[in-house]
Amino acid sequence: MKKPLLIKNADYILTMDDHRQELCGQDILVSNGQILEIGAGLIPIGPHQILNAVGCIVTPGLINTHHHLFQTLTRAVPGGQNALLFGWLQKLYPIWAKFGPEEMRISAMVGLAELALSGCTMSSDHLYLYPNGARLDDTIEGAKEIGLRFFPTRGAMSIGESDGGLPPDSLVEKENDIIDDCIRVIDKFHDPNPASMVRVGIAPCSPFSVSRNLMRDAALLARDKTVFLHTHLAENDEDISYSLEKFGCGPGQYSQDLGWTGSDVWHAHCVKLDQSEQALFAQTKTGVAHCPCSNCRLGSGIAPIRQMRDAGVSVGLGVDGSASNDAGNMILEARQAMLLQRVANGANSMSSREALEIATRGGADILGRPECGRLEVGKRADIAIWDAHTIENAGSWDPVALLLAGPTRVKYLIVEGRKIVENGRLITIDLPNLISAQNRLAKKLM
């Protein structure tokens, strides 16, 4: 067991606890991956490490609820940059078909490293294609090397172009094989314990790439295995038109009919959910992963997050894949979420504190991890520490309010009580070598 860690004399601690306390000049004592004590002038018994947080803002680690980590290898691909969702996918599918295990692992590591440097301590991942021997195992191995808490989901596509789906036939799988591999990865990797570093979900890709039967079978399997469900839903107008044409109903009814509502389900995007569907999600405690930068990049629209939260819908934040976002920076994503709601609903419609809440405890709640996303005694020690004395903060009267416009990299990142980032540098891997490996793979694909 490592020595206890004392985070000392933080300028501000933004707890995100049930009372949303903001503490000044206080300490956090961490031991065995857990927060033991929060208060002023803490003095641990026995040997311990000290992290001086003078001049810093301390927040819960940010939580990313939707990503496609494999896409970090296909940023800014020509021909797809100015397309809507369906055209963008059709441009990229043939490139992704060339991936193998190495591409999946290295891309995952790059994406997770980028998230870590932006203050993220836990990330989900939606991997829905498995060409050339690639497996979910490849991304899980990469996450272990980086050191983030990980929530990979076993995605899938089963309806190819020849059957009226969007993906090429070469990238779809047989539905029995999909279910069998879901069982395999859950049995091998899923850990339900509060200190778990890996939990696994089931995630058929979308209504336009899988059958209704697979959606229904996935829901039944998830309930049998007590794991979470995830998919894309109501992302843009094309998505809605496809559902109406193929299924004769909108996304809310589609989800409800197939067992895809409940506190163990979260959907990505939901840009086009209407008021009745928002009410359904609130009533059933179904979660939403909001991906503002990707929605802007693909011209999908502005998700009605203000209306969703007012209706009682649980909302978390996601960066989505870097092929539809360009970046994987969680603190910038939180700022974008705030700005878009203000554009759509007025300047008082979302504060920086509410955006940070969505990015922390909001994400923890929809992933079923209430032991994360808060700085409270007994919660897991997933902590982001930000330098409040940078040029971006100079002259600020409220450094917490300005956090979303401050440094885009965290000064320290702690996951399960372990330092992952120290003085702005990722310390778990050799980052320059990783970047070189990623660029080598990208050139090969080009």
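**View A. Leu 62 touches residues from several stretches of the chain, among them Ser 118, Met 330 and Trp 386.** Leaving out residues up to four places away in sequence, the full set is Ser 118, Gly 119, Cys 120, Thr 121, Met 122, Met 330, Ile 331, Leu 356, Ala 359, Thr 360 and Trp 386; contact here means heavy atoms within 4.5 Å. This is a predicted model, in which local features need pLDDT of at least 70 and side-chain atom pairs count only at pLDDT 80 or more, while totals for chains, interfaces and linings use all residues. Residues are numbered from 1 along each chain as its sequence is written, and side-chain values use heavy atoms, with hydrogens and water left out. You will find Leu 62 in strand S6, residues 62-64; strands (E, at least two residues) and helices (H or I, at least four) are DSSP runs numbered from the N terminus. Is Leu 62 buried or exposed? Leu 62 has a relative accessible area of 0%, so it counts as buried (under 20%, with exposed over 50% and partly exposed in between, using a 1.4 Å probe and protein chains only). Look also for Thr 121: it is 59 residues from Leu 62 along the chain, yet their C-alpha atoms are separated by 5.9 Å.

**View B. Strand S10 is covered on both faces.** Leu 229, Thr 231 and Leu 233 are buried on one side, and His 230 and His 232 on the other. Because 5 of the 5 residues of S10 (229-233) are buried, the strand is largely enclosed by the rest of the structure. Its partner here is strand S11 (residues 265-269), joined to S10 in the parallel sense over 5 bridges; strands pair if DSSP finds at least two bridges between them. To find your way along the pair, start at Leu 233, which stands opposite His 269 in S11.

**View C. Helix H3 is mostly covered.** H3 spans residues 136-146, and 8 of its 11 residues are buried. These are Leu 136, Asp 137, Asp 138, Thr 139, Ile 140, Gly 142, Ala 143 and Ile 146. What do the buried residues of H3 pack against? Their neighbours are helices H2 and H4 (175-189), together with strands S7 (120-127), S8 (149-156), S16 (418-422) and S17 (425-426). Just past the end of H3, Gly 147 has a positive phi of about 105 degrees.

**View D. The largest nonpolar core brings together 117 residues.** A core is a set of buried Ala, Val, Leu, Ile, Met, Phe, Trp, Tyr and Cys residues joined through side-chain atoms within 4.5 Å. The members that touch the most others are Trp 88, Leu 89, Trp 96, Ile 202, Leu 413 and Leu 426. Helix H2 gives the largest share of this core, 10 residues. A second, separate core has 18 residues, including Ile 7, Ile 35, Leu 51 and Ala 53.

**View E. The largest cavity has a volume of about 110 Å³.** Closest to its centre, among 15 lining residues, are Leu 85, Trp 88, Leu 89, His 232 and Glu 235. On a 1 Å grid over the protein atoms alone, a cavity is a set of points where a 1.4 Å probe fits but cannot get out, a pocket is an open set with protein on both sides within 12 Å along at least five of seven lines, and lining residues have an atom within 4 Å of a point. Points are joined across faces, edges and corners, and a volume is the space filled by probe spheres set on them. Helix H1 (residues 85-96) gives the most to the lining of the largest cavity, with 3 residues. The whole structure holds 2 cavities of 30 Å³ or more. The second largest has about 30 Å³ of space, and its lining includes Trp 88, Leu 92, Arg 297 and Ala 323.

**View F. The largest pocket has a volume of about 420 Å³.** Of its 21 lining residues, Thr 72, Leu 73, Arg 75, Gln 438 and Ala 442 are the closest to the centre. Helices H2 (101-117) and H13 (431-445) each supply at least two residues of this lining, and the largest share, 7 residues, comes from H13.
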